[in-house]
Amino acid sequence: MHKWAATLAAVVALAFSSYNFAELQQKPRIDVDLPHLLRTGPVDNGTVFQIQPTVSTRFKTQDVEVIRDAHLQLTPVGSISSSKMPIFYWHETGAYVYDFTSDQVNYHWSGDPAPFIVSQDKPQQPTLNFWVDNWTFQPGRYEGTLELSRSGNRIPLIKKFCLLLSKKAVDEIHGAGQRQIFFFRDDLPKFHSSSKSPGCYRRETD
């Protein structure tokens, strides 16, 4: 009986070891989640669009994932579908830091637009800054896509979202000073209870 128990324990241990080894050999499975807040505003003769996705994996593997590039697309739809489509480029990566002295959250440059590594013990929350020249918003709806390309010619990670801009919000942006930032959220209760597009990002002041 003792020999059978020892043999069974050894078989179970071997099975667990084989399973763990197989799991470690797999490519990391990456998840991307969008924040509840987007930032945008005028910059130079165009527009800046800031988005801070969470890029992570819940599984431990020997390999790491490399995010090689980031692309943003905003497509005017509906009543503004014939308007000019912006061509964004990844300008830089930044971070928002709280300043205890002034009681304000300030933006700081943190890196050039460059590949970054994602692993189980190193999730990423970069603030991706996209710029577009000679373009600004018009009142209406935009369908957005954030695409993160990966190493090894793997399928890109894609997250879609929608953005609604009222005339009031657009007037704010058009009348703002250089590099003034405006917030848009997708979790405001007043829009979830009454809007036809509750999941879209909107100005809190609308």
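In the predicted model, His 71 has Glu 147 of strand β10 as its bridge partner. A further partnership with β10 is formed by Leu 74, which is matched with Gly 144. Strand β5 spans residues 65-77 and runs antiparallel to β10, to which it is joined by 10 bridges.

Strand β10 also pairs with β11, which comprises residues 157-165; nine bridges connect these two strands, again in an antiparallel arrangement. Within β11, Cys 162 stands opposite Glu 143. The strands β10 and β11 form a hairpin with six residues between them, and in this hairpin Gly 152 adopts a positive phi near 70°.

These pairings belong to an open sheet of four strands, in which the order is β8-β5-β10-β11 and the pairing is antiparallel. The edges of the sheet are occupied by β8 (116-118) and β11; each has a single partner strand, so one side of each is left without a neighbour in the sheet. On average, neighbouring strands of the sheet are turned by 40° against each other when direction is ignored. In general, the strands of a sheet pair through backbone hydrogen bonds, in either a parallel or an antiparallel manner.

With regard to solvent accessibility, strand β10, which covers residues 140-150, is mostly covered. Of its 11 residues, eight are buried, a class defined by a relative accessible area under 20%. In the strand order, β10 is placed between β5 and β11.

Technical notes. Residues numbered from 1 in each chain as written. Predicted model: local features only at pLDDT ≥ 70, side-chain atom pairs only at ≥ 80, totals over all residues. Heavy atoms only, no water. Buried < 20%, exposed > 50% of the residue type's maximum accessible area, 1.4 Å probe, protein only. Pairing = 2+ DSSP bridges. Axes fitted to C-alpha atoms, helices over the stretch in contact; angles between N-to-C directions.
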